[in-house]
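The following paragraphs guide a reader through one protein chain, beginning with an annotated site and ending with a pair of helices. Please keep the sequence and the model in view while reading.

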Amino acid sequence: MVHIRNIALPDFPLLLAPMEDVSDPPFRAVCKEGGADLMYTEFISSEGLIRAAAKSRQKLDVFDYERPIGIQLFGSDVETMGECARISTEAGPDLIDINYGCPVKQVACRGAGAALLRDIPKMVEMTSAVVKATHLPVTVKTRLGWDDSTKNVEDVAERLQDIGIEALTVHGRTRVQMYKGDADWDLIGRIKNNPRIKIPIFGNGDIDSPQKAVEYKNRYGVDGVMIGRAAIGYPWIFREVKHYAATGQLLPPPTVEERVQACRFHFEKSLEWKGPRAGVFEMRRHYAQYFRGLEGARQWRTRLVDSNDPAEIHGIMDEIIAAEPILVG
């Protein structure tokens, strides 16, 4: 088993990546059903949390069926991050995660997320403040470095382990790369095989198939992998990776009925958590992914997106099952 202090995970655990405007409780519920072993909230702005901004506070919602679940924080001020760790601890997660990897301008240009890769002393100070502010395990998600000339994540891993983090997830790109090009896992493997590193090391980046997940496990020796975009509209990725790791065999793709059932479950959770208006509106971004590759998918998506009535949406989903569309791509 893989342990993050008192959190026991199975061998080769599969983590759901925290994705802004995606990894909310409804989406996490679907991925938990699909087999995710450890999940995180969307990243939460420490400044927004201190201001008691409604959107930031709502992101603190965690539920027992999600466990183990981590709250992920980002920010640029050391003292504020420590205070937010205390606030987040009161919400009852299983761990606190710090985001030192987000590359988007709105975050990095404010001195948060991946920007801390250019100021390692401040990163260490901030991490120490969070560790001291909570009794929960603290983990970190980061990138290889700011750019190709400053791939400093090996030093980061050692220094953050020394001040008390209990697991590290590394995305195999620099901040400058954003999400372009192929993720480079060689450096992730070097961290895992560094004899000084005793904490679990999870790899992230480009895991979009069972074969790749198992190949990277075997090649780089990571304790587990974090899956992000490949899980959007396809929560079956987790069960498929687990089955392939255990048997060497690929599961058949989900049936039309399974796709509709997962989409319906996601929709119902969205209504439950966000209310009928926001629940209907925010679910629209997911339909294309759930029905991608099905014959007539564009038609079904258009009708689902155009409807504001939950009963009508359920009816359209019933029609999809009855039509028995074939998988065409």
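In its unreviewed entry, UniProt assigns the feature "active site" to Cys 102. The model in which this residue is viewed here is a predicted one. Cys 102 lies in the loop that runs between β7 (95-100) and α5 (105-108). Is this residue buried or exposed? Its relative accessible area is 8%; burial is defined as a value under 20%, and Cys 102 is therefore buried. Leaving aside residues up to four places away in sequence, Cys 102 touches Phe 43, Val 107, Ala 108, Gly 113 and Ala 114.

A second UniProt annotation, also from an unreviewed entry, is "domain: DUS-like FMN-binding", and it covers residues 15-313. Over residues 15-313, helix accounts for 45% of the chain and strand for 12%. The C-alpha atoms at the two ends of this stretch are 31 Å apart.

The packing of two helices may be considered next. Such a pair is described by the angle between the two axes and the distance between them. Helix α6 (residues 120-133) packs with helix α7 (residues 153-162) at an angle of about 30°, and their axes are 10 Å apart. Angles under 35 degrees count as roughly parallel, and α6 and α7 are therefore roughly parallel to each other. The crossing of α6 past α7 is right-handed. To this contact α6 contributes Ile 120, Pro 121, Met 123, Val 124 and Thr 127, while α7 contributes Asp 155, Val 156, Arg 159 and Leu 160. By character, the residues in the contact of α6 with α7 comprise 6 nonpolar, 1 polar and 2 charged.

Note on methods: Residues numbered from 1 in each chain as written. Predicted model: local features only at pLDDT ≥ 70, side-chain atom pairs only at ≥ 80, totals over all residues. Heavy atoms only, no water. Axes fitted to C-alpha atoms, helices over the stretch in contact; angles between N-to-C directions. Helix = DSSP H or I, 4+ residues; strand = E, 2+ residues; numbered from the N terminus. Parallel < 35°, antiparallel > 145°, perpendicular 65-115°, else oblique. Left-handed = near helix turned anticlockwise from the far one by under 90°. Contact = heavy atoms within 4.5 Å. Nonpolar A, V, L, I, M, F, W, Y, C, P; charged D, E, K, R; others polar. UniProt positions renumbered as here; feature names shortened; annotations may be inferred. Buried < 20%, exposed > 50% of the residue type's maximum accessible area, 1.4 Å probe, protein only.
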